[in-house]
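Open the model in your viewer and keep the selection panel at hand. The tour moves from one stop to the next.

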Amino acid sequence: MDMMRVFGLTWVAILWVCLTLHGVASDDHQPLSKIAIHKATFALHDLAYIKVTPPILGIKGGNSEWVTLDYGHSEPTADDWIGVFSPANFSASICPAESPRTYAPLLCTAPIKFQYANHSNPKYKETGRGTMRLQLINQRSDFSFVLFTGGLSNPKLVAVSNVITFANPKAPVYPRLAQGKSWNEMTVTWTSGYGIDEAEPFVEWGPIGGERTKSPAGTLTFHRSSMCGAPARTVGWRHPGFIHTSFLKDLWPNSLYIYRLGHSQFNGTYVWSQNYKFKSSPYPGQESLQQVIIFGDMGKDEMDGSNEYNNYQRGSLNTTRQLINDLENIDIVFHIGDICYANGYMSQWDQFTAQIEPIASRVPYMIASGNHERDWPGTGSFYGNYDSGGECGVAAQTMFYTPAENRAKFWYATDYGMFRFCIAHTEEDWREGTEQYKFIEHCLASVDRQKQPWLIFLAHRVLGYSSSEWYMEEGTTEEPMGRETLQKLWQKYKVDIALFGHVHNYERTCPIYENICTRKGRDYYQGPLNGTIHVVAGGAGASLTEFANFQPRWSLYRDFDYGFVKLTAFDHSNLLFEYKKSRDGKVYDSFRISRDYRDILACFADSCPPGTLAS
Ligand SMILES: [Fe+2]
């Protein structure tokens, strides 16, 4: 039976099934959720075709390659489109309905990307012919391409392509570094197609120019049954592969290391990745130049322009590009929630980890969890919405390592030289009396400020101050029960800066406590801050959020554009804060803090315990 016939029969078998993507989407953010495959009909057309070259990708070892599509249709329409499916001969299994808004039976596979047939062929509608280039990444499976007519909302399948594949679809890919549980441990997490019954994963590493050693890696994966609902459990499901993490221990401070990913196969052969390098963390309290990037809500985007149904994440590639260009001047990155907006379409996690690989393979890429990673009704998330598309935190907590005591809970502390970072999880309860509240207090209280003067609080949703339209229309400037609960901790422990995402813009406040600016000035603070500076840095990629017309007095700078924040500690007394736009990497807002240890000890409005009159 030839390949086309196999595909034809598979599609016939599949497409009589009424399936749905429509209505299960938790929001309008994920472009793949726009495809109403539930209405798809099978209409293979003799005069329609689609061919893809080259047949084998990554022959030289690469994990990303451009392919060329040639296609034609005797009855072309303006909304003909092409879907890319992987695996090529995908599962025809039937999923049960997982949400009250979906109806069984359901097909379990969405395309991994799509593009309109006339995208780079303005005359397609007249000629019925087109060519297109798409970028594919190694995602552990082969690929097929399907030409649909009838638009995204009423698709009719008219042609299926040949199958193409990467030379080694199982190759170890997309390493991401993260700080371990102690300052002298770096973790390397990567994805492969090798389960533990096929090969042993490890990292070969050592100081540059020095002896190399091998450290074993643990292997995790998760299953459709690990997902909490649709589409993650239905059409968005795609096997995530095997996620390996190795712990590189006893590192020397501020030192350069080289590493590569390996799999020792049971037949005695090895599979290797390319070489990568990283710089280890400074000893906590150590004085050296320390440069930190912080942003939220970056999302992913496609270099080939695919999936941009509503142009949702156009800032993402610009932010990624700026960080790559400035990588020599970056020591660690914090992506504080709303990571890739996969929203239950699991293929998108591979594409995101591929997008950030140049960054995450070089410097620790620390994540926080947002609504698009965690929220799902009836699963203990603080907000009972559908924003995670059924992932309920499982994908994020497996794809990325965090030094959390319990990776499902997503709050953790991490030190970088003169910085202490306390990362909260706004998708779980933080109020007084909760486990998370205790963690936050302990994280803030347990740092020696003489050694680590720069105390930074990070969380996804705005628990501090934002004058975005969303909040101010509700008559507030934060998530309910945000700062009412936490400001006494920020004040007592003298948090310097609290940064948040979720709101897709940039805003910076004065040093503030209980709605009152505690210091005058905009760009230079000498001596005690007396309050905490609050920053919204949620404009790294996802579509922008409007500000309210009214700008409160505490709001010193607002920017309706894509951007990210950089903190530079020069020493124990001098910190530079910069906000850069993603479009050009230039600084548009900045301030400096210059102060000594005694300024941190200084008491101001509830920041010290009551003293005694005795002397
Ligand atoms: Fe969010």
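How are the donor residues of the iron ion spaced in sequence? The pattern is D-x32-N-x88-H-x41-H. Keep in mind that this is a predicted model.

**Stop 1: the iron site**

Select the iron ion. Then add Asp-338, Asn-371, His-460 and His-502, which coordinate the iron ion. The donor atoms are OD of Asp-338, OD1 of Asn-371, NE2 of His-460 and ND1 of His-502, at 2.1 to 2.2 Å.

Now check the angles. The 4 donor atoms subtend 87 to 160° around the iron ion, which makes the arrangement irregular. A tetrahedral label would require all angles to lie between 85 and 135 degrees.

Colour by secondary structure next. Asp-338 sits in the loop between strand 21 (332–336) and helix 4 (347–355). Asn-371 belongs to helix 6 (residues 371–374). The two are 33 residues apart in sequence, so the pair ties together separate parts of the chain.

Switch on a surface. Asp-338 is buried, with a relative accessible area of 1%. Asn-371 is buried too, at 3%.

**Stop 2: the sheet**

Strand 21, just before the Asp-338 loop, leads into an open sheet of 7 strands. Select the strands in the order 22-21-20-32-33-34-29. The pairing is mixed.

Look at the edges. Strand 22 (365–368) and strand 29 (524–526) each have a single partner strand, so one side of each has no neighbour in the sheet. From one strand to the next, the twist averages 15°.

Zoom in on strands 21 and 22. They pair in the parallel sense over 4 bridges. Select Phe-334: it stands opposite Met-366 in strand 22.

Add helix 3 (residues 315–325), which packs on the sheet. Helix 3 touches strand 20 (290–295), strand 32 (563–569) and strand 33 (574–581). Its direction makes about 25° with that of strand 32.

**Stop 3: helix 8**

Select residues 435–445, which form helix 8. Which residues here are buried? They are Gln-436, Tyr-437, Phe-439, Ile-440, Cys-443 and Leu-444. Look down the axis of helix 8. The buried residues fall within an arc of 160°, so they line one face of the helix.

Rotate to the other side of helix 8. Lys-438 and His-442 are exposed there.

Finally, show what the buried residues of helix 8 pack against: strand 23 (412–416), strand 24 (419–423), strand 25 (454–459) and helix 10 (483–492).

Conventions
Residues are numbered from 1 along each chain as its sequence is written. This is a predicted model: local features need pLDDT of at least 70, side-chain atom pairs count only at pLDDT 80 or more; totals for chains, interfaces and linings use all residues. Side-chain values use heavy atoms; hydrogens and water are left out. Donors are N, O and S atoms within 2.8 Å of the metal (3.2 Å for Na, K and Ca); water is not among the atoms, so sites may look incomplete. Four donors count as tetrahedral if all angles lie between 85 and 135 degrees; four count as square planar and six as octahedral if opposite donors are over 155 degrees apart and all others between 65 and 115; anything else is irregular. Buried means under 20% relative accessible area, exposed over 50%, partly exposed in between (1.4 Å probe, protein chains only). Two strands pair if DSSP finds at least two bridges between them. Axes are lines fitted to C-alpha atoms, for helices over the stretch in contact, and angles run from 0 to 180 degrees between N-to-C directions. Contact means heavy atoms within 4.5 Å. The arc is that of the directions from the helix axis to the C-beta atoms.
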